[in-house]
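Biologist: Before I plan anything at the bench, could we go through this structure together, from the overall fold down to single residues?

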Amino acid sequence: MGFYEDQVVPRIVNVACGTKLLAPLRARACADLAGDVLEIGFGSGLNVPFYPAAVTSVSAVEPADLGWRLARRRLDAARVPVNRSGLDGQSLPFADDSYDAALCTYTLCTIPDAAAALREVRRVLKPGGTLRFLEHGRAPDEGVRRWQHRLEPMQKRLFGGCHLTRSVPDLLTSAGFTVTELDAFYQPGAPKPYSAMSLGAATAP
Ligand SMILES: C[S@@+](CC[C@H](N)C(=O)[O-])C[C@H]1O[C@@H](n2cnc3c(N)ncnc32)[C@H](O)[C@@H]1O
């Protein structure tokens, strides 16, 4: 990775994804987490304040060293132990059936092979374990989707490989998850190509 990806993108993400507008959505995504939790694409730890008391530990997987450093204050204030346990969601260094729950927020857009990452999450979740997700992706409306295709090349260049056109429910289903909760909506206050959200839960077999 170059200077821009290493030193600039994590700071942009920390600010753009740290907006107060997203706090209620993060709270909803994290609300039912419990036990030993895996978070892929931990970023700068913007979900840490929302981990509920029922969480006993969090294994954070994040390639960006700067993201981890920007998380420092949130980690110091965390109510549960959070350890940086891996660098790549596409290849997780954990045994099968290790985690009670998993979390990903605004990450499936960026991981190069999101399908591989979801297969890995499914592998390390205990049977019946739940992945809670809050992601942006492919819009429900054809007109918005056309704009997403136009804007995606620039989005990928500016935001560390972030895609606009990935279908989160399709990715989850293809990886063997059963989607048990799904709220699909446009986040108010942002242009539609960037704000087609999927918030919900999916269960591993
Ligand atoms: C848009 S940021 C979201 C960060 C955080 N989840 C949040 O909600 O603020 C996407 C994150 O995915 C991370 N990422 C990129 N490739 C990854 C990979 N192969 N495995 C795990 N995380 C990855 C990036 O470093 C970045 O922190």
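**From fold to residue**

Modeller: The secondary structure of this protein, in what is a predicted model, comes to seven helices and seven strands. Read along the sequence, these elements follow the pattern α-α-β-β-α-α-β-β-α-β-α-α-β-β.

Biologist: How compact is the protein for its 205 residues?

Modeller: The globule rule gives 17 Å for 205 residues, and the radius of gyration is close to that value, so the protein is as compact as a globular protein of that length. Along the principal axes, the C-alpha atoms fill a box of roughly 45 × 35 × 30 Å, and buried residues make up 41% of the chain. The radius of gyration itself is 16 Å.

Biologist: What share of the contacts with a separation of 6 or more joins residues 24 or more positions apart?

Modeller: Two residues are in contact here if their C-beta atoms lie within 7 Å. Among the contacts with a separation of 6 or more, the part that comes from residues 24 or more positions apart is 70%.

Biologist: Which residues does the "Methyltransferase type" domain annotation cover?

Modeller: The annotation comes from an unreviewed UniProt entry, and the span it marks is 23% helix and 32% strand, with its end C-alpha atoms 10 Å apart. The residues covered are 38–132.

Biologist: Which elements do the buried residues of α5 pack against?

Modeller: Helix α5 runs over residues 114–124, and its buried residues are Ala114, Ala117, Leu118, Glu120, Val121, Arg122 and Val124. In general, an α-helix has 3.6 residues a turn, so residues three or four places apart point the same way. The buried residues of α5 pack against β1 (35–40), β4 (99–105), β5 (125–136) and α7 (168–174).

Biologist: Which residues come nearest to the ligand?

Modeller: The shell around the ligand has nine nonpolar, eight polar and two charged residues by class. Of the 19 residues in that surrounding, those that come nearest are Cys17, Gly41, Gly43, Gly89 and Thr105.

Biologist: Is Glu181 buried, exposed or partly exposed?

Modeller: Glu181 lies in strand β6, which spans residues 178–186, and, leaving aside residues up to four places away in sequence, Glu181 touches Gly200 and Ala201. A residue needs 20 or more C-beta neighbours within 10 Å to be buried and 12 or fewer to be exposed. Because Glu181 has 14 such neighbours inside 10 Å, Glu181 counts as partly exposed.

Biologist: How far apart in space are Glu181 and Asp36?

Modeller: In sequence, Glu181 and Asp36 are 145 residues apart. From C-alpha to C-alpha, the distance between Glu181 and Asp36 is 21 Å.

Conventions
Residues are numbered from 1 along each chain as its sequence is written. This is a predicted model: local features need pLDDT of at least 70, side-chain atom pairs count only at pLDDT 80 or more; totals for chains, interfaces and linings use all residues. A residue is near a molecule or strand if its C-beta atom, placed from the backbone, lies within 6 Å of it. Ala, Val, Leu, Ile, Met, Phe, Trp, Tyr, Cys and Pro count as nonpolar, Asp, Glu, Lys and Arg as charged, and the others, Gly among them, as polar. Helices (H or I, at least four residues) and strands (E, at least two) are DSSP runs, numbered from the N terminus. The radius of gyration is taken over C-alpha atoms; the globule rule is 2.2 Å times the number of residues to the power 0.38. UniProt positions are given in the numbering used here, feature names are shortened, and annotations may be inferred rather than shown by experiment.
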